[in-house]
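Work through the exercises below with the structure in view. Try each task before you read its solution.

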There are 2 protein chains.
Amino acid sequence: MGVSLGGYIAGDDHSLEWLKIVETDPPEDTGYTPSVDALVLGRNSYDAVIGFTPYPYSGKRVIVLTTRPADSKHGETFYNGSLEPLLETLALEGVQRVYLDGGNAVRQGLEAGVVDDLTISTLPIILGSGIALFERGLPQSRWTLVSSRSFESGLVQATYQRP
Amino acid sequence: MGVSLGGYIAGDDHSLEWLKIVETDPPEDTGYTPSVDALVLGRNSYDAVIGFTPYPYSGKRVIVLTTRPADSKHGETFYNGSLEPLLETLALEGVQRVYLDGGNAVRQGLEAGVVDDLTISTLPIILGSGIALFERGLPQSRWTLVSSRSFESGLVQATYQRP
C-alpha cells in the first residue's frame with residue numbers, strides 16, 4: 001500500500017495523482033511486482049496502475065474488485081463482490097499466495113484475518129485530508145517488523161508479518 | 001510523533017497505552033531527547049511522558065499546551081492558548097528551536113508553517129480506529145526524506161525536512 005505521511009491513501013476526490021511524486025526514470029526497484037500467484041486490486045489502485053508505463057503486472061494474473069467492469073487490457077478480470085468468497089474460489093484453483101492492493105481490499109483482508117504480510121510504502125507528502133488507510137474500525141492488531149528500507153525518491157517501505 | 005500503522009496517533013479514548021509496545025529495557029536510543037531550546041507538548045503527550053522512568057526531558061524547558069494546568073513535577077510550565085502566540089513569546093526570549101509533540105501541537109505548527117523538520121516514528125500496530133495524525137484539513141505539503149532507521153522493537157523512524 002502507498003500511504004502519505006499521516007496515513008491518508010487518497011485525496012478527497014479519490015485521486016492517486018500524488019503517487020507520482022516518487023516516480024523516477026528509470027523506476028526504482030521497490031519490489032512492485034511481487035512473487036505471488038495472483039493480484040487482487042481495488043478499482044482505484046487498478047485505475048492508477050493501468051496508467052503506468054510499463055504496466056507493472058505484465059504476465060501476472062490480476063483480478064480487479066469493482067462494481068463497474070472495464071475493458072481488459074492485459075488479461076485482467078473483474079470481480080463484483082467481496083474479497084473472502086473470491087479468495088475461496090481462488091484457493092480451489094490452487095492460488096495460495098495473493099497480493100492485495102487498495103485500501104478497501106486490504107481492509108477486507110485484515111477483517112477476514114487472511115493477511116500474512118503487510119508492506120506499507122510511505123511517500124514524503126502530507127495530504128491533509130482524504131481517505132484514511134484503516135478507517136473502518138478494524139480490530140487492533142500487533143505486527144512484527146521484518147524489514148524497512150528507503151529510496152532516493154523519499155519512499156520509506158516497511159514490511160511486517162503477523163506475529 | 002509516534003503513530004500506528006495507518007496513522008492513528010491515539011485510541012478512541014485518547015489512550016496512549018499502545019506506545020508501550022516498543023518499550024524495551026534498557027530503552028532504545030531513538031533520539032527521544034532532541035537538541036532544542038524548548039519542548040512544547042500537547043496534554044496527552046505530556047501525560048504519557050510524565051509516566052516514563054526515567055523522565056526523558058530532565059533539564060529541558062518543557063511547556064505543556066493545556067486548558068487544565070497540573071502540578072509541575074520537573075519544572076515544566078503550562079500554557080492555556082494556541083501555539084503561535086506562545087512561539088512568538090518564546091522567540092522574544094531567544095528560544096529559536098522548539099520541539100513539538102502531540103497531534104494537536106504538530107497540526108498547529110504545520111498550519112502556521114513553522115515546522116522545519118518532521119520525525120515520524122511508526123509503531124508495529126494497527127489501532128483500527130481513533131484519532132488521526134492529520135485530520136483537520138491541513139494544506140497538502142511535500143517533504144524531503146532526510147533519514148530513516150528501524151529499531152529492534154519494530155519502530156521505524158523517518159525524518160523529513162521542508163524542501
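Four exercises with worked solutions follow.

This is a predicted model: local features need pLDDT of at least 70, side-chain atom pairs count only at pLDDT 80 or more, and totals for chains, interfaces and linings use all residues. Residues are numbered from 1 along each chain as its sequence is written, while chains are lettered from A and ligands numbered from 1 in the order in which they are written.

**Exercise 1. Describe the fold of chain A.**

Step 1. Count the elements. Chain A has three helices and 11 strands. Helices (H or I, at least four residues) and strands (E, at least two) are DSSP runs, numbered from the N terminus.

Step 2. Read the order. From the N terminus it is β-β-β-α-β-β-α-β-α-β-β-β-β-β.

Step 3. Check the compactness. The radius of gyration of chain A is 15 Å, close to the 15 Å of the globule rule for 163 residues, so chain A is as compact as a globular protein of that length. The radius is taken over C-alpha atoms, and the rule is 2.2 Å times the number of residues to the power 0.38.

**Exercise 2. Find the buried residues of helix α3 of chain A and what covers them.**

Step 1. Apply the cut-offs. A residue is buried if 20 or more other C-beta atoms lie within 10 Å of its own, exposed if 12 or fewer, and partly exposed in between; C-beta atoms are placed from the backbone.

Step 2. List the residues. In α3 (residues 103–112) they are A:Gly103, A:Ala105, A:Val106, A:Arg107, A:Gln108 and A:Leu110.

Step 3. Look for the cover. It includes β3 (38–42), β4 (62–65) and α2 (83–92) of chain A.

Step 4. Look past the helix end. Just after α3(A), A:Gly113 has a positive phi of about 70°.

**Exercise 3. Map the side of chain A that touches chain B.**

Step 1. Count contacts (C-beta atoms, placed from the backbone, within 7 Å). Here 30 residues of chain A meet 30 residues of chain B.

Step 2. Find the main contributor. β7(A) gives the most, with five residues.

Step 3. Look at a strand pair (at least two DSSP bridges). β7(A) pairs with β10 (residues 141–142) of chain B, antiparallel, over two bridges. A:Ile125 stands opposite B:Arg142.

**Exercise 4. Which turn lays chain A on chain B?**

Step 1. Superpose the copies by least squares on the C-alpha atoms of residues with pLDDT of at least 70 in both.

Step 2. Read the result. A turn of 180° with a shift of 0.0 Å along the axis gives an RMSD of 0.0 Å. That is the relation of a two-fold axis.

Step 3. Locate the axis. Of the residues of chain A, A:Gly7 comes closest to the rotation axis, at 2.2 Å (C-alpha).

Definitions and conventions
Two residues are in contact if their C-beta atoms, placed from the backbone, lie within 7 Å.
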